Structures are given as C-alpha cells and as structure tokens.
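Thank you all for coming; I would like to walk through one model this morning, moving from charge pairs to the sheet and then to a few single residues. Please have the viewer open while I talk.

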Amino acid sequence: VSTFVTRRIVKPVQAMKAASQRIAGGRYDERVQVTGEDELSELGRSFNRMAHELARTEERRRQLIGDVAHELQTPLTTLTTSIELALLQGRYPPDIADLLGSNLEELRRLTGIIRDMLFLSHADSGKRAQGQWVPSLAAVAQLVLEYHEAALADAQLSVDVRGDAAGYYDDGLIKRALSNLLGNATRFADKGSTIVVAVATIGDWVELSVANRGSTIEPADLPRLFDRFYRADAARSQGHHHHHHHGLGLSIVAAIARMHGGGVFANSALGETRIGIRLPQRSEGAG
C-alpha cells in the first residue's frame, strides 16, 4: 500500500517538475494532466493556471518588443538617410564630418539591433523555416566563408570545413546561423589559429558547428550564451574588447535552430570552444 501511495504522489510531482523545466526552456504551452479532485489535482490545476499566466506574460513581452522595434525603424531610417546626404554634400569641416560619421556608424548599429529584434519577434511568434533542397551544407559554409574573408584575414585566421550533409532546410537561414557562429568564433579565436566548421550526421540529426581555439568559457556561462544581450566577453576572452557586438547573434542562431525544429549546443574545454546547431535530418520537404 505504501508503495502505491508513494507512486501516486511522486508521479504527478515528477510530471510538474518535467513540465516546469520545459517551460523554463521556452515551451510556454506546457501543461500537466489533471483528472482527480484531491489536493494533488488541485496543485496541478494551480500549476496550469500559473503556466497559462506565464504564457500570457511572455506573449505580451514579445508583442511589446516587436511593436517597439517596428516603430523605431522609420525614425532610424530617416536619421541615417539625412546624415548620409549631409556627408555626401561635403559642406562640413573635418571635425564636424568626423562627428557625423561616428553618429552614422552608431545609427547603423542601432538599425542592425532593431532588425535582429524584429527577426527574433517573428521567430518567437511561431514562424517556421521553409524547406528547400540543400545538396551540400559544406558548400553553404564555403559561401559564408567568402563573406567573412576580410575579417578572417585581419585576424590571421584560417578555416577548415569538415564533413557534409544534404537535406531540406531554409538555405538563407542556415547561412545566417553559420555567419553568426563564424563571426562569433572570429572575435574570440587566438590569432593565427584555425577555425573548424563541421557538418556531421548523428542518428536522426545533422549538426553544424564552429570551433575555435581561445580562452575557455566557464561552465556557468555556457547555458547563457544564447540568451539575448548576454555578454560573456570577460569569461571568454581577456583582452578582446568588442564594443560593437550587441549580444543578439547567438540568440538568432538559437531561433533559427528552433524554426527548423532543432536546438543548439555549446561546449568549451582545454582552450577550445565549439558552438553549433542541431537540426532534424530531413529527406523530405518541410513546409
């Protein structure tokens, strides 16, 4: 009897624990099954009410961020265009022109942040990736490398692309994720080292990762790397100062993985950091 009672108590508690962990991971639609009228069932109903309120709060937050980002687009575009025209006229003394140039750089940075926030807002609303046949993810990586060629040369870095896979993915989104991962690795890689872009099929999943040599990331920082605006610069690098990095790049990587029905991972040990996305292997088109 005692074993039966214990199971009757432990099982719903374990279900609530598992659901709470999934909610913490961003799955705000999680609920627990409630059938009875006893105290445990009432606890389950209370849990579901709390989860419902969390989902509503999160939805309002997402809506607010999306609305604010949308409203900021027009004035930022107007200011940027005005300064660009003023500089093209060339009527200002050098010190004023330098000041306008600095302001223009900051406006472009803000515009990039707003663009990224809008992307994340759309991803959070449940937007899914559109599938198209990608015959070679390694070839996609090579195209991304061409875009980063100058930055890699400045940092005296080489890149090695290993492995390959094919499937139905959103080509543009995959390029964006790889570009963000490569840009992140470039910022923190040891000068003169080699960055490794790897494509691997593991069971029913395809992993795309970027690894670099550099300072090891502390274990406590790893789970937060994909948080918005989280800066792990101090933990990841001593002497690397990147004031123009706004902390949304890896959040976008995580969003792109979710849009494909996948996830992200990160590990760091013995001076090597590897960050990537894990996507379901798709041999058929995805809607």
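Let me begin with a definition, since I will lean on it straight away: a salt bridge here is a side-chain nitrogen of Lys or Arg within 4 Å of a carboxyl oxygen of Asp or Glu. What we are looking at is a predicted model, in which local features need pLDDT of at least 70 and side-chain atom pairs count only at pLDDT 80 or more, while totals for chains, interfaces and linings use all residues. Residues are numbered from 1 along each chain as its sequence is written, and side-chain values use heavy atoms, with hydrogens and water left out.

How many salt bridges does the structure hold? There are 14, and I will take a few of them in turn. In one of these, the side chains of R109 and E106 come together with an N to O distance of 3.2 Å. The two are three residues apart in helix α3, residues 94-124, and are therefore separated by about one helical turn; helices, I should add, are DSSP runs of H or I with at least four residues, strands are runs of E with at least two, and both are numbered from the N terminus. For accessibility I use three classes, where buried means under 20% relative accessible area, exposed means over 50%, and partly exposed lies in between, computed with a 1.4 Å probe and protein chains only. On that scale R109 is partly exposed, with a relative accessible area of 26%, and E106 is partly exposed too, at 30%.

Now to E207, which takes part in two salt bridges that I would like to treat together. With R274, the closest N and O atoms are 3.1 Å apart, and this pair links distant parts of the chain, with E207 in strand β5 and R274 in strand β7, 67 residues apart. With R278, the N to O distance is 2.9 Å, and here again distant parts of the chain are linked, since R278 sits in strand β7, 71 residues from E207 in β5. Is E207 itself buried or exposed? E207 is buried, with a relative accessible area of 8%, whereas R274 is partly exposed at 25% and R278 counts as partly exposed at 27%. Elsewhere, salt bridges that share partners join E37, E42, R45 and R49 into one network.

That brings us to the sheet. Five strands form an open sheet of mixed pairing, in the order β2-β4-β5-β7-β6, where two strands pair if DSSP finds at least two bridges between them. Because β2 (158-162) and β6 (263-269) stand at the edges with a single partner strand each, one side of each is left without a neighbour in the sheet. From one strand to the next, the twist averages 15 degrees. Strand β4, residues 194-202, pairs with strand β5, residues 205-213, in the antiparallel sense over seven bridges, and within that pairing V196 stands opposite A211 in β5. Strands β6 and β7 also run antiparallel, joined by seven bridges, with F265 having G276 in β7 as its bridge partner. These two strands, β6 and β7, form a hairpin with two residues between them, and L270 in the turn has a positive phi of about 55 degrees.

Two helices can be placed against these strands, with angles running from 0 to 180 degrees between N-to-C directions of axes fitted to C-alpha atoms, for helices over the stretch in contact, and with contact meaning heavy atoms within 4.5 Å. Helix α4, residues 137-147, lies across β2, β4 and β5, running at about 165 degrees to β2. Helix α6, residues 171-188, packs on the sheet, touching β2, β4, β5 and β7, and its direction makes about 20 degrees with that of β5.

I will finish with single residues in loops. E30 lies in the loop between α1 and α2 and, at 10% relative accessibility, counts as buried. Leaving aside residues up to four places away in sequence, E30 touches A19, R22, I23 and A51. R224, by contrast, is found in the loop between β5 and α7 and counts as partly exposed at 42% relative accessibility. The C-alpha atoms of R224 and A266 are separated by 9.9 Å, with their positions 42 residues apart along the chain.
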